[in-house]
Amino acid sequence: VDDIFTIDCTNKIITHGFCDLHAHFREPGEDDKEDLGSGSRSALAGGFTRVCVMPNTKPPIDSPELVDFIIQTAKQYPIYIHPIGAVTKGQHGKEISEMGLMKEAGAIAFSDDGLPIQNGLVMRKALEYSRMLNVPVINHAEDDCLRCNGVMNEGKVSNRLGLPGNPSISESTMVFRDLKLADMTGAKLHVPHVSTAASVEHIK
């Protein structure tokens with residue numbers, strides 16, 4: 001029939017839209033780098049129809065008002081944008097944010113993103129709250145005291161190159177801590193960008 005639009009999918013893959021669990025659209029505050037509009041268009045061009053945006057904006061997404069800002073602004077764009085709220089106020093790692101109110105406003109998870117939650121008690125409280133809300137906590141697993149501000153993995157290559165290295169244990173020890181806390185609290189934990197064999201073994 002002449003009026004039927006046909007797409008030749010020979011040697012192509014047809015799938016559902018992809019979901020990015022860890023995106024940075026930089027709005028509010030750093031619109032010169034990215035915003036919800038440019039980010040959503042880039043995502044759609046790559047086949048992503050759902051994107052979870054991290055809260056390390058300026059200011060951080062640590063209140064129900066800012067979660068609602070993301071939800072309302074996203075309605076004009078061609079993909080689903082899901083805000084992740086900050087675990088702690090200002091992402092300072094000290095005081096738990098208004099997690100319940102942010103969940104009501106539309107937050108689908110909580111994370112301080114690139115700022116690891118160093119205080120184990122704060123992480124425990126965050127997991128306990130998240131369990132009641134039935135949403136995951138995403139913690140960038142890295143012990144700041146062990147990290148050494150290196151530029152690569154610590155080992156023979158870093159020594160040969162004369163470059164400061166980060167020991168892999170700086171990640172794996174915090175992964176282990178977070179897993180034990182999640183097990184104790186019964187909460188959902190997501191461990192992002194795992195990069196060491198020891199962390200993988202802990203997760204197993």
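What follows is a short tour of the fold, its strand pairings and one surface patch.

The model is a predicted one, so everything here is computed from predicted coordinates. Overall, the protein has 204 residues, and 40% of them are buried. The C-alpha trace spans about 65 × 45 × 35 Å along its principal axes. As for secondary structure, there are eight helices and eight strands to keep track of. The contacts lean on distant parts of the chain: taking those between residues at least 6 apart in sequence, 71% join residues at least 24 apart. The accessible surface adds up to about 11,700 Å², and carbon and sulfur atoms hold 54% of that.

Strands S1, S2 and S3 come up together. Strand S1 covers residues 18-23 and strand S2 covers residues 48-53; the two run parallel and are joined by four bridges. Within this pairing, Ala23 sits opposite Val53 in S2. Getting from S1 to S2 takes the chain through helix H1 (residues 36-45), and the resulting β-α-β crossover is right-handed. S2 also pairs with strand S3 (residues 80-83), again over four bridges and in the parallel sense. Here Val51 has Ile81 in S3 as its bridge partner. As background, strands of a sheet pair through backbone hydrogen bonds, in either a parallel or an antiparallel way.

Another group of strands makes an open sheet, with three members in the order S4-S5-S8 and parallel pairing. Strand S4 (110-111) and strand S8 (189-190) are at the edges with a single partner strand each, so one side of each has no neighbour in the sheet. Strand S5, made of residues 137-138, is tied to S8 by two bridges, with the two strands running parallel. Ile138 faces His190 of S8 in this pairing.

Away from the strands, there is a nonpolar patch to point out on the surface. Val151, Val157, Leu161 and Leu163 make up this patch, which comes to about 350 Å². One of its members, Leu161, belongs to helix H6, which runs over residues 156-161.

Conventions:
Residues numbered from 1 in each chain as written. Predicted model: local features only at pLDDT ≥ 70, side-chain atom pairs only at ≥ 80, totals over all residues. Heavy atoms only, no water. Pairing = 2+ DSSP bridges. Patch = residues over 30% accessible without salt bridge, like charges linked within 9 Å, V, L, I, M, F, W, Y side chains within 5 Å. Areas by Shrake-Rupley, 256 points an atom, 1.4 Å probe, with all protein chains shown as cover. Salt bridge = Lys/Arg side-chain N within 4 Å of Asp/Glu carboxyl O. Right-handed = clockwise from strand over helix to strand, strands pointing away. Buried < 20%, exposed > 50% of the residue type's maximum accessible area, 1.4 Å probe, protein only. Contact = heavy atoms within 4.5 Å.
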